[in-house]
Each structure stands twice: as C-alpha cells, then as structure tokens.
Amino acid sequence: DMRRDHRVLGKALAVTLAYVWSQQGRAAALEVLEDANLQHSHVDISWLALDESPGAEPAARELRAAAEAGREWTRTRSGAAGEDRLDTVVPLLVGGELVGAVRLSESMAPRREYVRTSIVRAVSAAGLSVGVSAGLVLVLGFWFVGRPIRGLVQQARRIGAGDLSVRGGSRQHDEIGMLGRELDAMCDRLVEAGDRVAAETASRLAAMEQLRHAERLTTVGKLAAGVAHDLGTPLNVVLGRARMIASGEVTGDAARDNARIVAEQAERMAHTIRQLLDFARHRPAQRAVADLAPLVEQVHVLLTPLARKRNVHLRLETGERPCRAYVDAAQFQQALTNVVVNGIQAMHDGDLTVSLSQARRSAPDQPDRPPREHACVAVTDRGPGIPPDVLPRIFDPFFTTKEVGEGTGLGLSVAYGILRDHDGWIDVRSEPGGGACFSLWLPVEGP
Ligand SMILES: Nc1ncnc2c1ncn2[C@@H]1O[C@H](COP(=O)(O)OP(=O)(O)OP(=O)(O)O)[C@@H](O)[C@H]1O
Ligand SMILES: [Mg+2]
C-alpha cells in the first residue's frame, strides 16, 4: 500500500513539477516541491539532483537506469533512529530529458503499528465471535439435542427395565423428535403385544387346565373300575350282616356287633368313594409348601383297589423325615397317579414300589447350575419295560401303545407338564424285560 501511495504521489508531483519547470524554471519547481513537503507531514519529500554528487547517492545509477526505462524506483532501508523507511524516487523528465528526481521517504513504523493493531483487533474479534458462537452452540445444543437425547436415554432405560408406561411426548420437528415419537409408538405396540401375549397365555393356561381336568376324569374312570371291584367285598359283608339282623337271626349283643360291622364297612366304602370324588373334583391351581409323604400315601390308598384288581401289590416306602416342596397338591397327585397307573397297567402281578427320597441334583436342562436338594418319588414296576424305539416318544401328547379306548396317550404328557410347572422334571430308566422306573423330581423347600 505504501509503495503504491508513494508511486501515485511521486508521479503526481513529477507531472506538476515538469509543468512548472518547463513554464517557470527550476527554482519555481523546487518551491512547489517544498510546499508539497510541508503539506505531507508524514512523508519527507525532497529533490534529488543527479548531477550534483553522483558518488554520494548510491542509487543514482539505478535511478538513471530506471528513469531511462521510464519507471520509478523504490527501496526500503534502516533509518537513523533504527526504524525501517521506504524510499521512492520518481524521475523527473522535462522535455524528454532527465533533470533530476523527486524523492519520497517515509518511516514504516506507523503503518506497521497500524497493521499490528489491526491484526490484534481482527484476532480478538474472531476469538470473541468464536467464543460467543461456541457458547451459543453449547446452549442451543444442550437445549435442542442434549436435553431431548437425555430424555430418550432415560425412556429407553425404563423401557429396558420393563416400564412401558413412560411416554416422551416429543413435539420437536427434527430427527430427535421423530426418534422420540417412534419410541412412544414402540411402547404402544409393546403394550399391545404384552396384552395380547397375556391374553393368549391366559387362554392357553385355561385350555391346559381343561385338558388336565379331562385327563383327570379319564383316570377317575380307571380308578372307578378298581373301586367298584373293591366295593364288592364290603358290600357283600354289609348285605349279609344286614340280612341277618333283618331276619332276626341275631339279636341283642350279636345284632349290635353286626350293626357295628355294617357301619364300619359302610364307612370304609364312603371313605373310598370320597377319595375318588375328591380326586375328580375340579380345583383352581393353588400351590403351597407341603410335605410330600402324605400326598404320596393318599395316591397309594386311591390306587390300591385298582392294583388289587390286577393282582399287583402296591408297596410304599416313605422316609422318616418330612420332604417339603412348593406344590399344587392335586396336580402333583395327578402326575404321580398317571405314572403309577401306567405301572399297574404294565403288570399282571408282583410288586410295584413307590418310594420317596431326597438327593442333590441339577435339572437336566440346566446342567451348569449347582446341584440343589430335590425330592424324588420313584415308581418302579416289574412290567415288560419300554422298548428303546418307544422310549423317546412316551411323553408326547396322544402317544399310546394301548388299544383304542384303553389309553388316550395323555397321562405322561400331562405328568411331564405338571412337573415342569413345578420347576421339576421326570426321568425314566427302562430295560426291555427289566421293568421301568419313573422318577418325579421336585425342588425341596426349607431344611
Ligand atoms: N410303566 C410302563 N411300562 C411300559 N410302558 C409304559 C409305562 N409307562 C408308559 N409306558 C408307555 O408309554 C405310553 C404313553 O403313556 P401315557 O401314560 O402317556 O399314555 P397311555 O397310558 O397309553 O394312555 P393314558 O395314560 O392317557 O390312558 C404308553 O402307551 C406305554 O406304551
Ligand atoms: Mg397312562
């Protein structure tokens, strides 16, 4: 910029001086130069006479060369006070002849200072605007991005924890708002799906309950055959004794003894029938901690008539100490009954043993879990055993090897489902010809 200013000023002066020189002579021209010097306080303007002392002006030769080429000449140098100065020399041609030159000399310090303060100001302004912009970005970023995203994260956390009631209700019209609304819609759909699953589960449970009850009633039919068979003996006793009393064959104390026998037998029959009705009764599922031994004993009593009808001796082995489990008593008895009935049906005579014990085991579907105390009800028969090709299918619903009308194939599948619902399982060991042993495992509760 300084060079340009010098050049413009120098050329203007040169034109003016050339005119004055040609019209009024050298002295007038130098006066004009003097005036110009006074008017431009920041620039030293002086006359450079080339012919005066060519040796004293090192620039003379270059100036002459520049002048002859018709151009001005500029240099920077260190001044007396140590500051940098810009010198510009503009040749003055009068009538085509080089008569001297106008020299402009100016310190560069004020301009440098100006540039420096300009840079400092520009940098400060830039810094300030960057700071303000950053602050603005932070505040706006927090308000429009950070805050809603934090809300979404909290919502996602609560959804992850299973709380589907939370809704963001975002009204933002950007991607974050869309994401929030999608999350809300997802919650709605999850709630709907949850309701559907709950309804389907409830209807599935109801269907299963009905199936179990139906299966229970078929078992009652089988038991009734045994019970009917079993009632024959006490009925005959009752009939005989009642007839004796009625005919007056026995009187006094003997008649009273006979009446007592009639009452005892009637009591026994009523008890047996009550147990059968009790087994058939439809009860809602209800689990409680119970000692398994009395439950196993009741099954033993209930099935003894059926076993007796088939010449099977039902042996019961329950340990001394109680064996508590968290069970639905009716369901547990149904499962055990199904297994024992199968054993009885597989035999024609001999012993069938039901034994209750405890052992530490891991569930077969969770072998990595540490073993825990389980109750085991083992049902061991002396029947023909289960052939290896039949064994993998015995727990399938409707799988049966029995004649049509004899078996529905539901007994073991129902027992399997009941044990699974009780966090237990059934396993079976069998060798053809060596009988079968079914074990019902249930987690033990308490000491
Ligand atoms: N103790 C056993 N000895 C030999 N085979 C058995 C024994 N227990 C079960 N099975 C076989 O497993 C099959 C399925 O038993 P499951 O109790 O499920 O049905 P089912 O006894 O045939 O009919 P349901 O019990 O419905 O009257 C039986 O048909 C039989 O072949
Ligand atoms: Mg069966």
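Arg-116 and Glu-113 both belong to helix α4, where three residues, about one turn of the helix, separate them. In this predicted model, the two side chains form a salt bridge whose closest N and O atoms are 3.3 Å apart. Both partners fall in the intermediate accessibility class: Arg-116 counts as partly exposed because its relative accessibility is 48%, and Glu-113 is likewise partly exposed, with a relative accessible area of 39%.

Side chains of opposite charge can pair when their charged atoms come close. A search of the whole structure returns 18 salt bridges. One of them joins Arg-112 to Asp-84, with a separation of 3.0 Å between the closest N and O atoms. This pair links distant parts of the chain, since Arg-112 lies in helix α4 (residues 109-160) and Asp-84 in strand β3 (residues 84-94), 28 residues apart. Arg-112 has a relative accessibility of 47% and is therefore classed as partly exposed; Asp-84, at 30%, is also partly exposed. A further salt bridge is formed by Arg-315 and Glu-317, for which the closest N and O atoms are 2.7 Å apart. Arg-315 is partly exposed at 31% relative accessibility, and Glu-317 is partly exposed with a relative accessible area of 37%. In addition, a network of salt bridges links Asp-1, Arg-4, Asp-5, Glu-106 and Arg-111.

The domain assignment divides the protein chain into domain 1 (2-107) and domain 2 (287-447). A distance of 125 Å separates the C-alpha centres of domain 1 and domain 2.

Strands β1, β4, β3 and β2, in that order, make up an open sheet of four strands with antiparallel pairing. The edges are occupied by β1 (44-48) and β2 (73-78); each has a single partner strand, so one side of each is left without a neighbour in the sheet. On average, and with direction ignored, neighbouring strands of this sheet are turned by 25 degrees against each other. The pairing of β2 with β3 is antiparallel and comprises six bridges. Within this pairing, Thr-74 has Thr-88 in β3 as its bridge partner. Helix α1 (residues 2-24) packs on the sheet and touches β1, β2, β3 and β4, its direction making about 30 degrees with that of β3. Helix α2 (residues 26-39) also packs on the sheet, where it touches β1 and β4; the direction of α2 makes about 160 degrees with that of β1.

Ser-107 is located in strand β4 (residues 97-107). With a relative accessibility of 14%, Ser-107 is counted as buried, because the threshold for burial is under 20%. A polar atom of the Ser-107 side chain lies 3.2 Å from the backbone nitrogen of Ala-109. When neighbours within four places in sequence are left aside, the contacts of Ser-107 are with Met-2, Glu-83, Asp-84 and Arg-85. Among these contacts of Ser-107 is Asp-84, the residue that forms a salt bridge with Arg-112.

A second group of paired strands centres on β11. Strands of a sheet pair through backbone hydrogen bonds, either parallel or antiparallel. Strand β9 (residues 372-380) runs antiparallel to β11 and is joined to it by seven bridges. Cys-376 has Trp-441 as its bridge partner in β11. Strand β10 (residues 425-430) also pairs with β11 in the antiparallel sense, over six bridges, and Val-428 stands opposite Phe-438 of β11. A hairpin is formed by β10 and β11, with five residues between them; in the turn, Gly-433 adopts a positive phi of about 90 degrees.

Burial extends along the whole of β11 (residues 436-443): eight of its eight residues are buried, so the strand is largely enclosed by the rest of the structure. Ala-436, Phe-438, Leu-440 and Leu-442 point one way from β11, whereas Cys-437, Ser-439, Trp-441 and Pro-443 point the other way, and all are buried. The two residues of β11 named above as bridge partners thus point in opposite ways from the strand, Phe-438 one way and Trp-441 the other.

Notes
Residues are numbered from 1 along each chain as its sequence is written. Chains are lettered from A and ligands numbered from 1 in the order in which they are written. This is a predicted model: local features need pLDDT of at least 70, side-chain atom pairs count only at pLDDT 80 or more; totals for chains, interfaces and linings use all residues. Side-chain values use heavy atoms; hydrogens and water are left out. Buried means under 20% relative accessible area, exposed over 50%, partly exposed in between (1.4 Å probe, protein chains only). A polar contact is a pair of N or O atoms within 3.5 Å; within protein, one must be able to donate a hydrogen and the other to accept it, and residues adjacent in sequence count only if both atoms are side-chain atoms. Contact means heavy atoms within 4.5 Å. Domain bounds come from an automatic or database domain assignment. Two strands pair if DSSP finds at least two bridges between them. A salt bridge is a side-chain nitrogen of Lys or Arg within 4 Å of a carboxyl oxygen of Asp or Glu. Axes are lines fitted to C-alpha atoms, for helices over the stretch in contact, and angles run from 0 to 180 degrees between N-to-C directions.
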